[in-house]
Amino acid sequence: MDETIVNKIKESIVQASNILVTTHIGPDGDALGSMTAVGQMLTAMGKQFDMVCDDGMVRKFDYLPLAKDVRRRVDRKKIYDLMIAVDCGDEFRMGYVYSRLTCEPVLINIDHHISNNNFGHINLVVADVTSTAELLANLIPQMDVTIDKGIATSLMTGLVTDTLGFRVTGVTGQTLKIAGDLISAGANLAEITSKALVLQELNTIKMWSKGLNKMHVEDMVSWAVISIKDQLAVSEDPVSSHGLGNMIADIHGVAMGVVFTEKEDNEIRIGFRSRPPWDVATLAAELGGGGHRFAAGCTQHGELDDVVQYVITRAKAVIAEQKATLDNGQ
Ligand SMILES: [Mn+2]
């Protein structure tokens, strides 16, 4: 970890009088775990701060320390002189929290996405760690804050969710060493794995069912489409279908799984999942999105059917190209 950057982060926090902490829209375990870990770190440092995410807290993560303090909107009366964004690949991932901000704080960007565009004034971006939480496990002690049970619980949540329970490519001895230290600090691995990874909301399972019912598999690409109508049939409130992408990518003979989720105003959110050796980051980037090699996403605008047809045509072509390259290399 770059010592100059670490020192700059510490200096900025020490000097700040009011800090805004945020993470990405549609937050996952690494997003909320990392944000609440930073919150606990700032508490230990005696700092004033607010945690805001457009989509708020996710119920399954309500065991996280400070979960109740996560808000959906920035208090416009407050002036923040420092903002810390965790797990955001670019400034747009912060949503309205950033785009509608009226003050101009110094911005610290702490992230592990390979596509990170260094949008902060201070950027701590390490692309070869599995989670932002893993990065914070190294950073927090350097702020002279001890990782206690609460911080360890938050960080373990990020590690467990971004590695799908330490199962993905990119998990290193160092990842497991950090996980071991977090257990020693009081994190309950089995309980966190159960709450953050295994247990699902009933409505999420119903959303999977909607997607699986209409799943297609062609030319090594599987895809599922969830329309607004499908979502309303499950609930009037927004429901996550998180996990569906991994499920349909994990089919024998499938290289890439794609989930299309229709939002209002012809906005279509698209998630891509794959396993080695298949790369989905390049396609997501081509479509204006970003992410990791095996998990990436983007947003498109248009009629649902048109977007699906266009993106799947590209996905099939991308996989055919990658297959040709692999076949040639063997
Ligand atoms: Mn992450």
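Strand β8 covers residues 221–226, and six of its six residues are buried, so the strand is largely enclosed by the rest of the structure. Buried means that 20 or more other C-beta atoms lie within 10 Å of a residue's own; exposed means 12 or fewer, and partly exposed is in between, with C-beta atoms placed from the backbone. Strands here are DSSP runs of E with at least two residues, helices are runs of H or I with at least four, and both are numbered from the N terminus.

This is a predicted model, in which local features need pLDDT of at least 70 and side-chain atom pairs count only at pLDDT 80 or more, while totals for chains, interfaces and linings use all residues. Residues are numbered from 1 along each chain as its sequence is written.

**The strand and its neighbours**

Both faces of β8 are covered. Val 221, Trp 223 and Val 225 are buried on one side. Ser 222, Ala 224 and Ile 226 are buried on the other.

Strand pairing requires at least two bridges found by DSSP. The table lists three pairs from the sheet.

| Pair | Bridges | Direction | Partners |
|---|---|---|---|
| β7 (residues 216–218) and β8 | Three | antiparallel | His 216 opposite Trp 223 |
| β8 and β9 (residues 256–262) | Six | parallel | Ala 224 with Val 259 |
| β11 and β12 (residues 295–301) | Two | antiparallel | Gly 291 with Ala 296 |

β7 and β8 form a hairpin with two residues between them. In its turn, Asp 219 has a positive phi of about 50 degrees.

**The sheet and its helices**

Six strands make up an open sheet with mixed pairing. Their order is β7-β8-β9-β10-β12-β11. β7 and β11 (290–291) are the edge strands, each pairing on one side only.

Helix α8 (residues 202–213) packs on this sheet and touches β8 and β9. Its direction makes about 125 degrees with that of β8. Helix α12 (residues 304–329) also packs on the sheet, touching β8, β9, β10 (267–274) and β12. The direction of α12 makes about 165 degrees with that of β9. Axes are lines fitted to C-alpha atoms, for helices over the stretch in contact, and angles run from 0 to 180 degrees between N-to-C directions.

**A helix pair**

The axes of helix α4 (residues 132–142) and helix α5 (residues 149–162) come within 7 Å and cross at roughly 145 degrees. On the α4 side, the contact includes Leu 136, Ala 137 and Ile 140. On the α5 side, it includes Ile 151, Leu 155 and Leu 159. Two residues are in contact if their C-beta atoms, placed from the backbone, lie within 7 Å. By class, this contact has seven nonpolar, two polar and one charged residues. Ala, Val, Leu, Ile, Met, Phe, Trp, Tyr, Cys and Pro count as nonpolar, Asp, Glu, Lys and Arg as charged, and the others, Gly among them, as polar.

**The whole chain**

The chain is divided into domain 1 (3–198) and domain 2 (202–329); such bounds come from an automatic or database domain assignment. Their centres, taken over C-alpha atoms, are 27 Å apart. Seven residues from domain 1 and seven residues from domain 2 make the contact.

In total, the chain has twelve helices and twelve strands. Of its 330 residues, 45% count as buried. Its C-alpha trace spans about 55 × 45 × 35 Å along the principal axes.
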